[in-house]
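Please open the structure in a viewer and keep the selection tool at hand. The tour below proceeds stop by stop, stating what to select and what is found there.

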Amino acid sequence: MVSQFSTDRLEEVRHAVDVCTMCGFCKSVCPSFKAIGWDSALSRGRIVLTYGLLNGDLEPDQGFIDNMYTCTTCADCVRRCPSKVNIVDIIELCRADLVRNGHILPKHKAMCEGIVENGNPFKEKGSRREALGRVPHPAKIGYYVGCTATYRSKKTAQATLSILDKLGVDFTTVDEVCCGSVMQRVGWPQEDVTALMRKNVEQIKALGVEMLVLACAGCYRMFKLEYPKYVDVPFEVLHITEFLARQDLKLKPMEGVVATYHDPCHLGRHCGVYDAPREVIAKIPGLQFREMEFNKGLSHCCGGGGGVKSGYPGISKDIAVTRIEEASFADLIITTCPFCVNNLKDGAEGTGKQVRDLVEIVDELM
Ligand code: SF4
Ligand code: SF4
């Protein structure tokens with residue numbers, strides 16, 4: 001069979017595809033495999049599919065697309081792989097080639113076109129100034145809110161604004177557009193992502209910001225790791241938990257609650273931020289904190305990333321249910337990303353467990 005599929009990006013990873021030994025270590029950690037149950041929906045299987053596509057032996061039919069787009073990009077397989085195969089890179093490059101050849105999930109297409117048109121994936125036309133009730137002004141500290149916290153998980157945005165106000169920080173919001181994370185994860189052309197990066201960095205620079213604070217793990221990963229690959233980032237980038245860990249927080253006690261912490265993949269495994277959220281949690285007097293078995297680098301994914309929640313909500317929820325079961329001992333699951341909060345809340349339905357963003361808790365206790 002001769003494929004009509006043309007690839008430019010995938011050729012970059014031919015070597016990585018070649019060095020997979022099929023050892024199957026990735027099988028023990030892949031959350032999409034655990035939810036779906038087929039080898040084609042795990043790291044190793046996705047490499048085999050990619051190899052077939054590269055060689056023209058496979059067509060990108062719906063089954064192929066489903067297997068490529070049910071990866072949450074959690075990177076647990078990258079950690080586990082003894083051959084050091086960067087599976088997430090391979091999957092994202094494969095997705096980029098799929099999109100370039102016209103194969104994109106309708107939901108993803110609508111989100112990405114919405115971002116190009118409106119600067120956000122939710123078709124929101126109103127200004128961010130209006131949504132946040134803030135007008136940007138020159139300041140050394142900037143708060144980049146992100147689309148989800150601005151338009152959907154508004155409690156996260158309001159709690160972060162409130163914390164910064166209570167700390168007496170002279171900070172500014174930004175006339176921001178989407179950070180580009182969802183576009184990059186699903187394989188949308190990088191030119192459009194780079195245009196967003198330029199717009200955001202120009203806005204932030206124009207305000208004289210020297211330190212940018214973010215409360216979304218996906219946006220943070222973009223500014224920390226992806227932006228510097230394409231644009232100059234002349235300011236420090238901190239997750240809100242890194243910022244708060246440096247502050248002398250005086251918090252009210254939280255008694256009689258057993259809590260645990262879920263590491264967002266984009267903050268933890270991708271960016272290596274494990275200690276700061278735990279340092280902030282440790283500032284809460286009286287809280288009984290216990291780690292889940294799979295924590296920090298070994299943390300299991302919530303299921304919400306990589307475009308899976310929008311493309312395959314049932315699979316996202318199944319992954320979240322598994323993660324919630326791993327926290328069976330806890331009354332409260334704390335995390336630090338609006339995506340994780342939303343998906344884990346879906347997974348916790350009917351369990352009586354609370355899932356909350358750390359900023360909401362800190363704001364309440366200040
Ligand atoms: S762990 Fe690495 S080398 Fe082993 S099967 Fe998975 S991707 Fe291939
Ligand atoms: S990144 Fe996560 S979901 Fe994707 S293949 Fe690797 S382990 Fe599976």
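**First stop: the shell around ligand 2**

Select ligand 2 and the residues around it: this shell divides into 10 nonpolar, 4 polar and 2 charged residues. In this classification Ala, Val, Leu, Ile, Met, Phe, Trp, Tyr, Cys and Pro count as nonpolar, Asp, Glu, Lys and Arg as charged, and the others, Gly among them, as polar. The model is a predicted one, in which local features need pLDDT of at least 70 and side-chain atom pairs count only at pLDDT 80 or more, whereas totals for chains, interfaces and linings use all residues. For selections, residues are numbered from 1 along each chain as its sequence is written, while chains are lettered from A and ligands numbered from 1 in the order in which they are written.

Which residues come nearest to ligand 2? Of the 16 residues around it, these are C30, S43, C71, C74 and C77; a residue counts as near a molecule or strand if its C-beta atom, placed from the backbone, lies within 6 Å of it. Next, colour helix 2 (31–36), helix 3 (43–54), helix 5 (76–80) and helix 6 (87–100), each of which supplies at least two residues of the shell. Helices (H or I, at least four residues) and strands (E, at least two) are DSSP runs, numbered from the N terminus.

**Second stop: the shell around ligand 1**

Move to ligand 1, which is surrounded by 15 residues. The closest are C20, C23, C26, R44 and C81. Helix 3 gives the most to this shell, with 3 residues. By class, the shell around ligand 1 holds 9 nonpolar, 4 polar and 2 charged residues.

**Third stop: the domains**

Colour the chain by domain: the assignment gives domain 1 (10–102), domain 2 (109–245) and domain 3 (258–365). Such bounds come from an automatic or database domain assignment. The centres of domain 1 and domain 3, taken over C-alpha atoms, are separated by 26 Å.

Now select the residues shared between these two domains' facing sides: 14 residues of domain 1 are in contact with 17 residues of domain 3. Contact requires that the C-beta atoms of two residues, placed from the backbone, lie within 7 Å. On the side of domain 1 that touches domain 3, helix 2 and helix 5 each supply at least two residues. Helix 2 gives the most to that side, with 5 residues. The side of domain 1 that touches domain 3 comprises 7 nonpolar, 4 polar and 3 charged residues.

**Fourth stop: the sheet 2-1-3-4**

Display strands 1 to 4, which form an open sheet in the order 2-1-3-4 with parallel pairing. Two strands pair if DSSP finds at least two bridges between them. Strand 2 (171–173) and strand 4 (236–239) are the edge strands, each pairing on one side only.

Select strand 3 (residues 211–214): 4 bridges join it to strand 4. Within this pair, L212 has V237 of strand 4 as its bridge partner. Add helix 13 (residues 217–230), which lies across strand 1 (141–144), strand 3 and strand 4 and runs at about 150° to strand 3. Axes are lines fitted to C-alpha atoms, for helices over the stretch in contact, and angles run from 0 to 180 degrees between N-to-C directions.

**Last stop: the sheet 6-5-7-8**

Display the open, parallel sheet of 4 strands in the order 6-5-7-8. Strand 6 (288–289) and strand 8 stand at its edges with a single partner strand each, so one side of each has no neighbour in the sheet.

Strand 5 (residues 258–261) pairs with strand 7 (residues 332–335) in the parallel sense over 3 bridges, and the bridge partner of T260 in strand 7 is I333. Strand 7 also pairs in the parallel sense with strand 8 (residues 354–357), over 4 bridges. Here I333 stands opposite V355, and L332 stands opposite Q354.

Finally, select helix 18 (residues 338–348), which lies across strand 7 and strand 8 and runs at about 175° to strand 8. Helix 19 (residues 358–365) packs on the sheet as well, touching strand 7 and strand 8, and its direction makes about 80° with that of strand 8.
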